[in-house]
Number of protein chains: 2
Amino acid sequence: MGTGMDDPAAAKPTLRDVALAAGVHIATASRALSGSKTRPVNPRTAAAVRQAAAKIGYVPDQVARSLRTHRTRAIGVLIPDMSNPVMPPLVSGAEQVLAQHGYTTLFADTDNDHAAETQRLAAFLSWRAAGLILATARRDQPLAPEVVNSGVPLVLMSRKLDATPVPSATIDESVGIAQALDYLISLGHRRIAYIGVPTWTSAGYERLMAFREITRDRGLDLPPDFAVVCEGYAERDGEAALTALLARPDRPTAVLSGNDMMALGCYDAIRRAELRCPADVSVVGYNDMPLTHRVDPPLTTVRVPYFDLGRQAATLLVEVLNDRGSMNRSVRLTPRLLVRNSTAPASA
Amino acid sequence: MGTGMDDPAAAKPTLRDVALAAGVHIATASRALSGSKTRPVNPRTAAAVRQAAAKIGYVPDQVARSLRTHRTRAIGVLIPDMSNPVMPPLVSGAEQVLAQHGYTTLFADTDNDHAAETQRLAAFLSWRAAGLILATARRDQPLAPEVVNSGVPLVLMSRKLDATPVPSATIDESVGIAQALDYLISLGHRRIAYIGVPTWTSAGYERLMAFREITRDRGLDLPPDFAVVCEGYAERDGEAALTALLARPDRPTAVLSGNDMMALGCYDAIRRAELRCPADVSVVGYNDMPLTHRVDPPLTTVRVPYFDLGRQAATLLVEVLNDRGSMNRSVRLTPRLLVRNSTAPASA
DNA sequence: TTGAAAGCGATACCAG
DNA sequence: CTGGTATCGCTTTCAA
């Protein structure tokens, strides 16, 4: 522990120092610098104060300011798992907008662990975060009661809740699924399978629902078990699921996958069944993660604007923060099918 | 602006409420909860206080605490560009360790923009961050003077500075380069090219230097322009560089690339030159980004433990924070060559 | 071992 | 338009 608590270099200048240097009262200095709307300051005095502040290198203390005003300019961003390639752009997009509005981003990765989530939320709350952006929501799980009770404004990012109406920035999954399906149908495919991501996220659930609805709508009349939901998000999950399907006599001629990793697992299943992609089986992925254009064959997939989604989530939150009365606006962004070479006309 | 400042739901319980509920003085409550070393508290009283705190759902206010103690438990993490696949694991690793030690992570992505960097650093400083983890360092650029003057402890992550000795967590690039080169040499390659990332990061610079040194060491006697440094990090940079090299009569039979993206660009150059990888030209990448095992051919590359590197950076910083007197310890992690199928014995 | 009181740095009321 | 002053929630010195 050593000597105690003295900073080695600099005792940071405080507002008092600025006031002293400018020859005004500390209260005046405060008003001059924070541009108080209600209390006007003489332009000349204000200029002098600003000059003095600049000269001595004054930086306002957010901590002190927050204590006094009960409003921090910090937003907590909670992420379930950064190794999921959709997460980094979400975080960056949010951070960019938050910074533009003068907010600092508190970041945490829960690694899909409930205890970690509780701990991180408590930390955000103990920092009196002005708002929260959550990418961790599970469809059927209510929000953590501490969060609800705290009354902190929050926005859900990329996922939302079944029951609770909370502002959210999400993707219109049905558009993505529809585009993929219609493209496959236009290629002559009728027996199309869906190898899905887990449905405890709203995104996963909506993809499954959209698949069922749209295939019915288009009159495809698929066996119910052509839509399978996997336990995980990995290549092997996709591989296992498609392997089972390819063993059937009425095997699918095309597969729509809930994400790109599993789509690549489908490649393996196809190869192991001694079939070829796309000649025998077409594959469509979802998300357009990096390098999907370089796999063999280049993956046809649904490109999702995650960076933008992060920006929108932050924008929504800033709106709520600026106007507490505003309703629960949500935004929904549209993905777009990206045709590459893992899809081809139906052969059979 | 409406009514003013009242929280809709809950006036959060403060230490005073805890003290009241436990029937003790606020100072006693403080000591009981923060386990003051110097001022012992009667175990029975302490228990009562803790119980009261739990009962009314007290969460200490970090803001007030920080103001009082002049020590926040917040660490700023500055990232140059989250779309670089090495960054997310760095951030997660750091956040994990920081959270374990009770620190909250302030996150910012500068997008390689100097103005953004200045702004974000100022924000971290105005939050009185207890420390900084920087992944933005450029080899030849001194640290921002505000940072230096602030005296805030900092650690460099994945990159370091030429001149200034600052604690850092980095990779031993020479080991990665040596492993790659020795493997290629063992395959019979003599004419090995290096298609490098920019050298304004220490990592990029050290990779180049290691290439030069080790090839000389092994007696390869390469033309100097077999080591080329690209302007960017993209596939097209690698493609352009290798295209030029393949046009030479003494073209290389193997290429070591400064990152995976550029290695994939090399694939394109090889194909355009109507050669094959690995039959005619072997390629080795660097970083082992996701999906490099699925490209065609699967990329032999140097796997770098970035998540761990993030953990180490945070660990280093926590050490410094716990013991201000500690020397500038740095850590250096070791990468490991991952052999896949983009490398083969030299044909010529 | 506990109570009393000062004060971190800023804002926002109140007078003047 | 500007000066004085209370105060946010907490820690910590000083007394008791």
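Reader: Which residues come nearest to DNA strand C?

Author: A residue is near a strand if one of its heavy atoms lies within 4 Å of it. In this predicted model, 27 residues surround DNA strand C, and Leu15(A), Tyr58(A), Arg68(A), Thr28(B) and Thr45(B) come nearest. Sugar and phosphate make up 60% of the strand C atoms that come within 4 Å of the protein.

Reader: How are the residues and chains labelled, and what is left out?

Author: Residues count from 1 along each chain as its sequence is written, while chains are lettered from A and ligands numbered from 1 in the order in which they are written. Local features need pLDDT of at least 70, side-chain atom pairs count only at pLDDT 80 or more, totals for chains, interfaces and linings use all residues, and side-chain values use heavy atoms, without hydrogens and water.

Reader: Which elements supply the surface near DNA strand C?

Author: Helices (H or I, at least four residues) and strands (E, at least two) are DSSP runs, numbered from the N terminus. Here α2 (26–34) and α4 (62–69) of chain A, with α2 (26–34) and α4 of chain B, each supply at least two residues. The largest share, five residues, comes from α4(A).

Reader: What is 2.7 Å from the side chain of Ser30(A)?

Author: A polar contact is a pair of N or O atoms within 3.5 Å; within protein, one must be able to donate a hydrogen and the other to accept it, and residues adjacent in sequence count only if both atoms are side-chain atoms. For Ser30(A), a phosphate oxygen of DNA strand C is 2.7 Å from a side-chain N or O atom. A polar backbone atom of Asn42(B) is 2.9 Å from a phosphate oxygen of strand C. His70(B) places a polar side-chain atom 2.8 Å from a sugar or linking oxygen of strand C.

Reader: How much area is buried between chain B and chain A?

Author: The size of an interface is often given as the accessible area lost when the parts come together. Buried area uses a 1.4 Å probe and is summed over both parts. Between chain B and chain A, about 4,700 Å² is buried, and carbon and sulfur atoms give 59% of that. Trp127(B), Arg128(B) and Arg294(B) supply 18% of the area chain B buries against chain A, more than any other three residues.

Reader: How many salt bridges are there between chain B and chain A?

Author: A salt bridge is a side-chain nitrogen of Lys or Arg within 4 Å of a carboxyl oxygen of Asp or Glu. The count is eight between chain B and chain A. One of them joins Glu95(A) and Arg120(B), whose closest N and O atoms are 2.7 Å apart.

How values were computed. Buried area is the accessible area (1.4 Å probe) that two parts lose on being put together, summed over both.
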